[in-house]
Structures are given as C-alpha cells and as structure tokens.
Amino acid sequence: RITMTKKTLKPEYQPGGAQRHVIIDKAVKYIKEFPGLQANKMQFLLEEVGLSETEYLEALNRASNGELVRVALGD
C-alpha cells in the first residue's frame with residue numbers, strides 16, 4: 001500500500017509569508033502552461049497547494065492577462 005504525505009510549505013511561503021508571491025507566480029504558470037481542465041487545476045490549487053479562493057482568482061486573472069476581471073466588470 002502506498003501512502004501519500006502532504007508536504008508543508010515553509011512559513012515564508014504560507015499565507016501572509018514574505019515569499020507567498022512565489023507560490024502565486026507558480027500557480028499562474030501552472031494555469032497557463034499545463035494541459036487539463038480548469039476545474040481540476042482549481043481543485044488542485046485550492047486543496048493541494050492551499051491557495052485561498054482570492055489567491056486562486058488572482059492567479060487565474062493574471063494567467064488570462066486580466067480577462068477575468070474585464071469580463072466580470074462587463075468591459
């Protein structure tokens with residue numbers, strides 16, 4: 001039987017940490033460059049990586065070059 005253990009981020013990479021932007025930058029790259037359904041990417045980033053919904057939406061907006069906000073605002 002194989003058991004997966006969840007890794008813990010160093011404090012500086014956790015929410016509120018000085019290096020949190022690194023995790024969000026990597027999330028942007030993951031959203032943009034890796035194949036797969038967006039719903040699966042969202043689930044992974046929220047549940048496995050530990051992004052908040054706000055951080056996920058920020059990464060998604062950056063990955064879409066701001067299109068998410070433009071659509072939401074009706075521009």
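Let's start with the salt bridges: in this predicted model, the count comes to 3. To qualify, a side-chain nitrogen of Lys or Arg has to be within 4 Å of a carboxyl oxygen of Asp or Glu. We'll visit each pair in turn.

**Stop 1: R20 and E55**

Select R20 and E55 and show their side chains. They form a salt bridge, and the closest N and O atoms are 2.8 Å apart. Now colour the helices and see where the two partners sit: R20 belongs to helix α1 and E55 to helix α3, so you're looking at a link between distant parts of the chain, 35 residues apart. Are these two buried or exposed? Turn on the surface to check: R20 is buried, and E55 is buried too.

**Stop 2: R62 and D25**

Next, pick R62 and D25. Here the side chains meet in another salt bridge, with 2.5 Å from N to O. R62 is in helix α3 while D25 is in helix α1, so this pair ties together parts that lie 37 residues apart in sequence. How exposed is each partner? R62 has a relative accessibility of 35%, so it counts as partly exposed. D25 is partly exposed as well, with a relative accessible area of 36%.

**Stop 3: R62 and E58**

Keep R62 selected and add E58. These two form a salt bridge whose closest N and O atoms are 3.6 Å apart. Follow the backbone from one to the other: they are 4 residues apart in helix α3, which means about one helical turn separates them. E58 is partly exposed, at 37% relative accessible area. Now show D25, E58 and R62 together: salt bridges that share partners join them into one network.

**Stop 4: the two helices**

Time to zoom out. Select residues 20–33 for helix α1 and residues 53–63 for helix α3. They pack at an angle of about 50°, and their axes are 8 Å apart. That angle makes α1 oblique to α3. Which hand does the crossing of α1 and α3 have? It is right-handed.

**Stop 5: where they touch**

Finally, show the side chains in the contact. From α1, pick R20, I24, D25, A27, V28, I31 and K32. From α3, pick E55, Y56, E58, A59, L60, R62 and A63. Try colouring them by class: the contact of α1 with α3 has 8 nonpolar residues, 6 charged ones and no polar ones. You'll spot some familiar names from the earlier stops, including R20, D25, E55, E58 and R62.

Technical notes: Residues numbered from 1 in each chain as written. Predicted model: local features only at pLDDT ≥ 70, side-chain atom pairs only at ≥ 80, totals over all residues. Heavy atoms only, no water. Axes fitted to C-alpha atoms, helices over the stretch in contact; angles between N-to-C directions. Parallel < 35°, antiparallel > 145°, perpendicular 65-115°, else oblique. Left-handed = near helix turned anticlockwise from the far one by under 90°. Contact = heavy atoms within 4.5 Å. Nonpolar A, V, L, I, M, F, W, Y, C, P; charged D, E, K, R; others polar. Buried < 20%, exposed > 50% of the residue type's maximum accessible area, 1.4 Å probe, protein only.
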